[in-house]
Amino acid sequence: ADKGGDPDRYRRLLLPDDDDLINQVLTHDNQRRSILTSLESLRSQSSNLQKNVIAPKKKAGEEVPSDVLEQLKEWKAEMATLSNQLKGVERERDDTLTKINDIIEANSSGSTISTDADTSVNTNATENTSSSSITNTLEQETSTEHQQQQLPLLSAEQIKTIPPERILNINVGVLGHVDTGKTSLVKTLSSVLSTAALDKSKQSRARGITLDLGFSAFLLPLPEQLRGEQQTVSNSNASSVNNESESNSGDKKKKKKKSGSNNSRGVGGSRSSNSNLDQKYDLLQVTLVDCPGHASLIRTIIGGAQIIDMVLLVVDATKGMQTQTAECLVIAEMTTRNLIVVLNKIDMFPENEREERVQLAEKKILMALRGTKFEDAKMVGISACVGGEKVAAVGDGGGLIGGGTGSVTATNAHGEVAGTNNIHGLLDVLQSQMRAPNRDARPSPERFHFAVDHCFPIKGQGTVLTGTCLSGSARPNDMVEFPTLATQKKIKGLQMFRRKANIIQQGDRAGICVSNFDAKLMERGTIASPGTIKLIHGAIAVVRKVRFFKGQLNSGGKFHVSVGHQTVMATVTFWGAREIARQVEREQESQQQQMASNGNAPILGKSSLGGTADLAGLPRLKFDWNQDFLHQDNYLESIPVSDDVLTSQVVETSKDGDSQPPLHWARLEFLTPVYCPMDSLVIGSRLDTEVNANACRLAFSGRLVERYDERQDNGRLKSYTKKEKVGRCCRLGDPYRRSDDNKLVRYEIFGTDLFKKETNMSQFVGLLIETDSGDVGSIQSSFGSSGKFRVHFPAGTGLKEGDSLYLRFKRYANDPRKAIHQDGTLPQARIGSRVDPPVKKKKKKNGSNNADEQSSTKNGAVGEIEKLKGDILENGKSPMAIVSGLFTMADDISKHKGRKVVAVTTEEEGSIHGSFGKMGKVKVSFENGVSAEVGSRVKMLAA
């Protein structure tokens with residue numbers, strides 16, 4: 001009764017004269033529990049006395065008081081007496097159970113089990129009873145019952161002869177919106193229950209919803225399509241960047257690979273072994289992970305989804321896709337490639353309209369799945385509990401009977417299970433969609449990781465940790481570490497669904513018994529081989545945004561980050577979208593060449609914290625601390641085509657509305673340190689969003705790549721920002737005719753407007769200068785004292801006066817010196833021969849002050865527009881130009897004020913307004929504006 005069985009059920013199988021046997025068994029069991037309580041109390045007192053009194057005395061070399069030793073001796077004697085009494089009570093209880101077993105066999109021999117509700121035997125209660133003999137008998141009856149139901153479940157006799165190591169376990173997550181009937185479906189399918197299955201907690205029963213993960217299972221013959229498949233063996237050293245190729249594949253590949261439910265091959269850095277599954281396993285065990293559906297329990301859903309191989313997405317056929325259904329779909333995309341949509345509650349449709357209404361519901365679901373990798377997912381309509389659980393519990397002739405443990409018990413004229421609808425169809429689809437999971441079949445205790453989801457004590461045995469083996473293997477007497485508690489314990493025993501096991505391996509659902517461990521110290525978490533999991537305060541991860549998340553991913557923002565069963569707050573910084581795109585492309589090409597050379601394709605989907613990151617489309621990349629990264633303020637929704645990135649990456653991220661956002665590097669700084677292995681899948685969420693808001697709260701998924709400690713690693717990240725300063729050419733050097741192409745070039749020019757006159761030019765000597773045409777030179781020295789500088793172009797340049805000069809460089813965010821860094825190099829020198837050597841003009845000894853003489857010498861003088869000044873006129877022209885070449889420094893320009901000047905190219909006329917500086921330059925005003933460009937020629941007209 002304590003384990004969920006109903007003594008009244010066994011009374012129905014006994015004759016009235018034998019009914020007292022049940023009471024005797026219960027009395028014996030109560031005596032046994034009382035003795036165990038007393039025995040445990042004495043053992044605890046004895047242990048405390050030895051630990052706190054005797055051991056310190058002996059360690060200090062002091063004599064232990066005689067009264068203490070006497071007390072210990074009395075307790076030991078009393079414990080020996082209680083142990084003998086316990087053996088006697090257990091012997092009497094077992095003898096009575098044997099009698100009950102014999103009577104039941106005698107009463108039921110030669111007859112079939114009745115399908116009436118009053119005589120039905122609950123499968124789940126059978127598995128939970130404490131007596132092995134009664135269990136065997138009731139399992140036989142349950143087997144007959146299931147044969148009448150035509151469900152492909154196995155009899156107890158078949159299962160009992162097969163060791164647990166010969167049973168292949170596949171974890172199936174049951175996800176969906178709250179109140180869609182997930183737990184009812186699990187009740188209907190399950191034949192073996194864990195200690196926390198089917199909402200056994202008082203809080204769940206009080207609220208009427210699932211609040212925690214529930215685990216149960218049923219066994220099937222190994223499906224035919226699995227018998228010929230090969231067991232895959234993980235290769236941890238292989239790279240898995242092909243996931244990026246899959247997620248960013250074009251339309252041709254998309255249709256082929258989009259159906260995750262029909263494809264078990266992909267990337268994961270694995271290789272196939274030579275042994276088929278039917279050589280390693282005899283049975284298939286389907287472990288159902290019943291996840292909550294309420295929005296406030298999304299942390300629990302995420303934790304449960306990371307330990308599954310495939311998903312049953314339960315949808316209320318009368319309501320269709322709901323908010324948490326969509327979130328569960330997003331989680332499934334991150335954690336599995338295999339999904340079946342279960343349309344539950346089809347009994348709510350009128351029978352004459354049921355087929356049509358179910359087809360309409362399927363069309364709506366298909367529309368919702370469009371754009372996901374589950375576009376071709378199988379769908380099946382069922383009723384896990386016709387009329388609802390409450391109706392079925394009190395109805396006649398079928399339904400779910402007894403204590404909420406939920407076995408189906410009767411069949412109708414059409415061979416359907418009474419109280420359900422089309423459960424056979426669901427099992428057929430489930431078996432047809434089963435694919436060989438990726439498991440590391442080699443025993444590897446040094447890589448053992450185990451996700452614990454429940455922890456509870458058993459008196460006289462120790463503490464039991466139930467969970468899923470994520471990687472490696474474990475045997476009795478192996479040492480395991482509790483990272484969060486900094487302690488190690490020896491494995492006392494192993495069980496898989498109440499059956500003793502000698503070894504557990506990756507993917508197995510198991511219970512681990514350890515001694516001298518307080519169950520209250522741990523609710524959920526991870527245990528592992530000693531020294532394999534470290535405390536991390538931060539990490540660098542490769543991440544991808546969830547495309548259904550509508551919010552911005554801002555660097556420096558806080559997110560709820562889930563790693564396994566842990567969810568903590570973390571500050572997240574994003575960068576490296578451009579660089580990671582190039583890295584992925586290079587590693588894809590490298591891996592494709594490697595695969596072509598060895599002829600093997602990688603395999604997808606191991607059940608571990610790191611394996612699910614493969615399924616989320618996150619490649620296995622190495623982070624290079626020496627690589628330069630361009631600073632990003634936020635997550636880039638797409639990589640601009642103008643950036644220097646690979647064309648294929650840009651096309652894939654910009655094509656179609658359902659394409660994948662680009663990969664990024666992210667720095668996660670956990671506000672609360674976590675224990676987890678590298679390579680784990682992380683899911684970032686905004687759980688502070690309004691629960692009732694119709695919006696996806698899952699923001700991004702990621703794979704942990706490298707540990708990050710802010711105190712040690714902050715200066716190691718080489719994030720830079722691009723800087724650019726623009727100057728202009730104010731003077732040209734001597735012209736040269738380049739030898740290789742006979743082009744007229746300048747090897748030396750003079751620039752201005754880059755630096756202030758007080759700038760110390762020595763720190764800029766050697767920096768590269770670029771032009772609009774792509775010519776590259778280097779600063780040689782300053783020129784004068786007004787901030788001008790001399791630039792040398794080894795290959796020459798066709799630059800003209802007034803053309804722009806660019807000083808491009810980058811500064812690292814963590815560089816305290818704020819130094820200038822450049823990546824370019826000078827081109828190879830290209831020689832040429834000098835042309836048009838300048839002729840020096842002789843200065844006149846006696847300057848003429850005759851205005852008429854100056855006017856006559858300046859008639860027809862030609863100059864050049866150096867700069868355009870003034871506010872642009874309405875016609876788009878400049879009102880004034882600075883012209884050089886018309887006068888020399890010795891000329892009195894004031895005497896020529898008002899002289900007419902005409903632009904040669906545009907024939908626009910202006911007049912000299914006055915001098916400009918002391919170098920003979922003048923200001924020329926144009927009444928209607930001038931459209932001539934800088935560098936255009938102007939001519940002075942006769943006075």
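User: Happy to look at this one with you! How many bridges join strand 19 to strand 23?

Analyst: Glad to help, and keep in mind that this is a predicted model. Strand 23 covers residues 663-675 and runs antiparallel to strand 19. One pair that stands opposite each other is I536 and V674 of strand 23. The number of bridges joining strand 19 to strand 23 is 9.

User: Which residue of strand 25 is the bridge partner of A539?

Analyst: Strand 19 also pairs with strand 25, residues 698-707. That pairing is antiparallel and has 7 bridges. Within strand 25, the bridge partner of A539 is R707.

User: How many of the 11 residues in strand 19 are buried?

Analyst: Strand 19 spans residues 535-545 and is mostly covered. Buried here stands for a relative accessible area under 20%. In strand 19, the number of buried residues is 9.

User: Let's step back to the whole chain. What percentage of its 943 residues is buried?

Analyst: The protein chain holds 22 helices and 39 strands. It exposes about 44,500 Å², with carbon and sulfur atoms supplying 47% of that area. Of the contacts with a separation of 6 or more, 76% join residues 24 or more positions apart. As for burial, the buried share of the 943 residues is 52%.

User: Which two domains does the largest nonpolar core lie between?

Analyst: The largest nonpolar core has 78 residues, and those touching the most other members are L339, F574, F623, W665, F670, L698 and F700. Both domains give residues to this core, so it lies between domain 2 (156-223 + 281-387 + 418-433) and domain 4 (538-595 + 607-638 + 661-699).

User: Which residues does F623 touch, leaving out those up to four places away in sequence?

Analyst: F623 is one of the residues that touch the most other members of the largest nonpolar core. Leaving out residues up to four places away in sequence, F623 touches I540, W575, F629, W665, V705 and L717.

User: How many residues are in the second, separate core?

Analyst: This core is separate from the one around F623. Its members include I170, L189, I382 and L430. The size of this second core is 30 residues.

User: Which strands stand at the edges of the open sheet?

Analyst: The open sheet has 7 strands in the order 2-3-6-1-7-8-9, with mixed pairing. The edge strands each have a single partner strand, so one side of each is left without a neighbour in the sheet. They are strand 2 (192-193) and strand 9 (378-381).

User: Which residue of strand 6 stands opposite L220?

Analyst: Strand 3 (residues 214-221) pairs with strand 6 (residues 283-290) in the antiparallel sense, over 8 bridges. In strand 6, the residue opposite L220 is L284.

User: At about what angle does helix 17 run to strand 9?

Analyst: Two helices are worth a look here. Helix 15 (residues 354-369) lies across strand 7, strand 8 and strand 9, at about 140° to strand 8. Helix 17 (residues 423-433) lies across strand 3, strand 6, strand 7, strand 8 and strand 9. Its angle to strand 9 is about 165°.

User: Is D179 buried or exposed?

Analyst: D179 lies in the loop between strand 1 (167-176) and helix 7. Its phi is near 65°, a positive value in a residue other than glycine. Helix 7 (residues 182-189) is mostly covered, with 8 of its 8 residues buried. With a relative accessible area of 57%, over the 50% cut-off, D179 is exposed.

User: What is the relative accessible area of N516?

Analyst: N516 sits in the loop between strand 17 (509-514) and strand 18 (525-528). N516 is not a glycine, yet it has a positive phi of about 55°. N516 is exposed, with a relative accessible area of 70%.

User: What distance separates the C-alpha atoms of G617 and M334?

Analyst: G617 is in the loop between helix 19 (611-615) and strand 22 (629-630). At 7% relative accessibility, G617 counts as buried. G617 and M334 are 283 residues apart along the chain, and their C-alpha atoms are separated by 7.6 Å.

User: What is the average twist from one strand to the next in the barrel?

Analyst: The barrel closes from 6 strands in the order 34-35-38-37-36-39, with antiparallel pairing. Within it, 3 bridges join strand 36 (residues 900-903) to strand 37 (residues 909-916), and K900 stands opposite S911. From one strand to the next, the twist averages 45°.

Conventions
Residues numbered from 1 in each chain as written. Predicted model: local features only at pLDDT ≥ 70, side-chain atom pairs only at ≥ 80, totals over all residues. Heavy atoms only, no water. Helix = DSSP H or I, 4+ residues; strand = E, 2+ residues; numbered from the N terminus. Buried < 20%, exposed > 50% of the residue type's maximum accessible area, 1.4 Å probe, protein only. Contact = heavy atoms within 4.5 Å. Areas by Shrake-Rupley, 256 points an atom, 1.4 Å probe, with all protein chains shown as cover. Core = buried A, V, L, I, M, F, W, Y, C linked by side-chain atoms within 4.5 Å. Domains from an automatic or database assignment. Pairing = 2+ DSSP bridges. Axes fitted to C-alpha atoms, helices over the stretch in contact; angles between N-to-C directions.
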